[in-house]
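Biologist: Before we discuss particular residues, please place the model in view. I shall then put my questions one at a time.

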Amino acid sequence: MPEISDDLKGKYQFDFTKLHQGIPVRDHNYQVDIDKQTGKVVAFSLSASSEKAELPDSQNIVTKEQALSAFSNHKPLKLKYIWPSYIDQQAPAPLLVYAWDHLNEFGYVDALTGKQPIDQEDE
């Protein structure tokens, strides 16, 4: 990849995510930017849900293998080309991969039940 874009050259960027029972909570993120020359904080952002929600307990969940089996049985892999990018910079060439097609679909398995949400087409 070419050198990082100009807006990140003069600073270090740190991202933090809140953990609950050792699991990242995706809607609670913090970002701090530090100026490389002065060491001072030049930016801070907080992304957190305003509503307090009780998070599910992760003690009685299905195994990762059970979730993968449920997911792959419902969503078979498809051969496709992807073109990776990082910070608005595209890789020099596409990759040929096996991946799930996430267009208009839910891409997860409920860790408590081991089931995948029902697609609109399946109803």
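Biologist: Which element gives the most residues to the lining of the largest pocket?

Modeller: This is a predicted model, and the answer rests on its computed pocket lining. In that lining, six residues come from one strand, and no element gives more. The element is β2.

Biologist: How much space lies in that pocket, and which elements give two or more residues to its lining?

Modeller: The space in the largest pocket is about 820 Å³. Its lining holds 29 residues, and the closest to the pocket centre are Ile23, Pro24, Leu55, Pro56 and Ala111. The elements that supply two or more lining residues are β1, β2 and α2 (64-74).

Biologist: How many of the lining residues are nonpolar, how many polar and how many charged?

Modeller: Proline and alanine are counted with the nonpolar residues, whereas Asp, Glu, Lys and Arg form the charged class. On that basis, the lining of the largest pocket divides into eight charged, seven polar and 14 nonpolar residues.

Biologist: Which side chains meet in a salt bridge, and is each partner buried or partly exposed?

Modeller: Side chains of opposite charge can pair when their charged atoms come close. The count comes to one salt bridge, with an N to O distance of 3.1 Å between Asp33 and Lys11. The pair links distant parts of the chain, since Asp33 is in strand β2 and Lys11 in strand β1, 22 residues apart. Asp33, at 4% relative accessibility, is buried, while Lys11, at 23%, is partly exposed.

Biologist: Which residue in the loop between β1 and β2 has a positive phi although it is not glycine?

Modeller: Most residues other than glycine have a negative phi. In the loop between β1 and β2 lies a glutamine that has a phi near 55°. This residue counts as partly exposed because its relative accessibility is 41%. The residue is Gln21.

Biologist: Which residues make the nonpolar surface patch, and which strands each supply at least two of them?

Modeller: The patch has an area of about 730 Å² and is made by Tyr12, Phe14, Phe16, Tyr30, Val41, Phe44 and Leu46. Tyr30 belongs to strand β2 (residues 23-35). The strands that each supply at least two patch residues are β1 (11-20) and β3 (41-48).

Biologist: Why does Tyr30 count as partly exposed?

Modeller: A residue is partly exposed when its relative accessible area lies between the 20% and 50% limits. Tyr30 falls in this class because its relative accessibility is 31%.

Note on methods. Residues are numbered from 1 along each chain as its sequence is written. This is a predicted model: local features need pLDDT of at least 70, side-chain atom pairs count only at pLDDT 80 or more; totals for chains, interfaces and linings use all residues. Side-chain values use heavy atoms; hydrogens and water are left out. Patches are made of residues with over 30% relative accessible area and no salt bridge: like charges are joined within 9 Å, nonpolar side chains (Val, Leu, Ile, Met, Phe, Trp, Tyr) within 5 Å. Accessible areas come from the Shrake-Rupley method with a 1.4 Å probe; for residues, only the protein chains shown count as cover. A salt bridge is a side-chain nitrogen of Lys or Arg within 4 Å of a carboxyl oxygen of Asp or Glu. Helices (H or I, at least four residues) and strands (E, at least two) are DSSP runs, numbered from the N terminus. Buried means under 20% relative accessible area, exposed over 50%, partly exposed in between (1.4 Å probe, protein chains only). On a 1 Å grid over the protein atoms alone, a cavity is a set of points where a 1.4 Å probe fits but cannot get out, and a pocket is an open set with protein on both sides within 12 Å along at least five of seven lines; lining residues have an atom within 4 Å of a point. Grid points are joined across faces, edges and corners, and a volume is the space filled by probe spheres set on the points.
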